Amino acid sequence: MSRTAPGVAILVALALVPLAVRDRYFLSVFTLANLYAAIAASWDLLSGYTGRENFGHAVFIGTGAYTAALLNTRLHLSPVLGIAAGGGAVVALAILVGVPTLRLRGPYFALATLAVAGIMERLALLLWPLTGGEDGVYGVQPLSLSAPTTYYTTLAFMAIVVLGLYWATRSEWGMVLRAIRANEEACEASGLNVTVYKMGALVLSALPAGLAGGLYAHVQEHVGPAVYSAALSVTVIIMTVIGGIGTIYGAAAGGFLLTALGEVLRGFGPYRLLLFSAILLPVILFWPRGVVVQLAGRLRRG
Amino acid sequence: MVDVLILGAINSAVYAMLALGFTLIFGVGRVVNLAHGSFYAMGVYIAYTLVVVLGLPLIVGTTAAVLAVAGIGLAMDRVLIRPLRHSVLAVLIITVVFALFVEQVIFAFYGYTSRNIPSFTTNTLTVLGVTVAGQRAIAFAAGVIALSLVWLLVYRTRFGSAILAVSQDREAATYLGIDVDHVSRTVMVLSAALAAMAGVLVAPVLVVSPQMWVLPLIKSFAVVILGGLGSIPGSLLASVLLGYSETAVSRFVSSTLTELIPLVLILVTLLVRPSGLLGRRIEL
């Protein structure tokens, strides 16, 4: 079986979903799943490939979401412009965050990114005249009034992000990222500008998260401080680790499947994260490469 | 000026209680415990439950709360951390999930409204012309006693030598016949108890809410980064620096800016001297 065939088959199947599912609610679940798939894949690029586990990915999601929501509600910018502006803001923020933190690794990097997310969440609450504080921003224009159009927009976005990131990690550039994860000093010694590669990975990881945040704001028609929460950052990490870290496609599949599962478990409300971690424990212990990756490997071998 | 000297000393003692456990756990097991702030929060809420809801005497309730949190620390080491110790990422995830879980449980019982914990004393006392709330004075005294005891344990006993040996080289310590798991377990219990104690001592003068684990975690982190991850003298020195800079800023500039100080300290230390004031660089 070729490498691309399963990916194409899955995309075709996902494109057929609105034809099979007429129910608006289920379609909105799949819309959300598309966004989480893109977010998990984007987390994987930095964290799975350079070995810097980002515990504050919500910083980028939240900034994209708030930028798009505020530009739309205050300045009546169109969703496309607002989401694009959110992407720009996130790139700038990623560079700002990256300069002091990217030299760190392991728990140092994790704690530093967790701290940055903490600052942003606090700012979202402190700047309440602008952000609406605890309530957040209401009345964001919907992406589209038709549920299938919204679904297809997010599906196209997800496909571009996942395929783009997958291609990037397969390129020579992606190989350098893996080399940095394995031995940063050796990369530096062989004359590579490690900082530029790491910064590139951070920006390329942040941008899709920011755009997904903007789309999320227009899909949900509301943004609250939860988009900056540690719970969101951790959810993304768990999705990736369950799907398969360091593979992009495993992360995307994990994001998609766990979002769908999360909706099934809606009744558990805040305990969803706990259930995710209950799934996570055996995965880390028995399938450290990730469930989706392990299954894909088994299928390939036949 | 004098009030800054006195209040700063009190804050420093509390931060030292929080940070010492955090740095000990890291030194011994290379475990970054993101649930460290939850020990503090659990101490406060268990004490609240025992004293205010169930009506136990204050000293009984708070002591029981500290012991209960020590027990939770022991269980956490057994069930969550030890099986996952081989993976830094897994430990980070599981401890932060635990912290969020504790927040949810507290929320389920008490909601987000802040609670008041009774003080040990409502008296005030005057030190060098400065009026200090009795509760703060008690927190300072208890903190200094607890820290001295931990210092004696680490630097003056055989078990303390074992802790230091495991921190320096886990494998070599195993070859010397040190029960590494026992050392890690004990340090976890000690660290949980210290954080819970800090919680019950300062809770009466603080806002108590389910999210109260976040700031202590960030402050512990700031202290151990500034002092050097794993260094005990470093974290004591850094606690004093953080305690005094926060007190000075809130006294002379603005009290809303104090929350940013630990974050600025973290950032500056990481940029200028990533190994911290008294730390050695630890590769992970």
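A nonpolar core is a set of buried Ala, Val, Leu, Ile, Met, Phe, Trp, Tyr and Cys residues joined through C-beta atoms within 7 Å. Keep that in mind for the first exercise, and remember throughout that this is a predicted model.

**Exercise 1. Find which residues touch the most other members of the largest nonpolar core, then list the contacts of Val69(B).**

Step 1. The largest nonpolar core holds 194 residues, and those touching the most other members are Val162(A), Val44(B), Val69(B) and Ala196(B).
Step 2. Now take Val69(B) and set aside its neighbours within four places in sequence: its contacts are Phe39(B), Met42(B), Gly43(B), Ile46(B), Ala192(B), Ala193(B) and Ala196(B).

**Exercise 2. Check the length of helix 2 of chain A against its residue count, then describe the helix and what follows.**

Step 1. Helix 2 of chain A covers residues 24–50, which is 27 residues.
Step 2. The expected span is 1.5 Å times one less than the number of residues, so helix 2 of chain A should span 39 Å.
Step 3. The end C-alpha atoms are 39 Å apart, in agreement with that figure.
Step 4. Look along the helix for a bend: a kink of about 35° is centred on Asp44(A).
Step 5. As for burial, 21 of the 27 residues are buried, leaving helix 2 of chain A mostly covered.
Step 6. Just past the helix, Gly51(A) has a positive phi of about 75°.

**Exercise 3. Work out the span of helix 5 of chain B and what covers its buried residues.**

Step 1. This helix runs over residues 134–156, 23 in number, and its first and last C-alpha atoms are 32 Å apart, close to the expected 33 Å.
Step 2. Its buried residues are Gln135(B), Arg136(B), Ala139(B), Phe140(B), Gly143(B), Ala146(B), Val150(B) and Val154(B).
Step 3. Their cover includes helices 1, 6, 8 and 10 of chain B, along with strand 2.

**Exercise 4. Is Arg30(B) buried, exposed or partly exposed?**

Step 1. Locate the residue: Arg30(B) sits in the loop between helix 1 and helix 2 of chain B.
Step 2. Count its surroundings: 19 other C-beta atoms lie within 10 Å.
Step 3. Burial takes 20 or more, and exposure 12 or fewer, so Arg30(B) is partly exposed.
Step 4. Arg85(B) lies 55 residues away in sequence, yet the two C-alpha atoms are 8.5 Å apart.

**Exercise 5. Describe the contact between the chains, from the side of chain A.**

Step 1. Chain A gives 26 residues and chain B gives 24.
Step 2. On the side of chain A, helix 5, helix 11 and helix 13 each supply at least two residues.
Step 3. Helix 5 of chain A makes the largest share, with 8 residues.
Step 4. By type, the side of chain A has 21 nonpolar, 3 polar and 2 charged residues.

Methods: Residues are numbered from 1 along each chain as its sequence is written. Chains are lettered from A and ligands numbered from 1 in the order in which they are written. This is a predicted model: local features need pLDDT of at least 70, side-chain atom pairs count only at pLDDT 80 or more; totals for chains, interfaces and linings use all residues. Helices (H or I, at least four residues) and strands (E, at least two) are DSSP runs, numbered from the N terminus. The bend at a residue is the angle between axes fitted to the seven residues ending there and the seven starting there. Two residues are in contact if their C-beta atoms, placed from the backbone, lie within 7 Å. Ala, Val, Leu, Ile, Met, Phe, Trp, Tyr, Cys and Pro count as nonpolar, Asp, Glu, Lys and Arg as charged, and the others, Gly among them, as polar.
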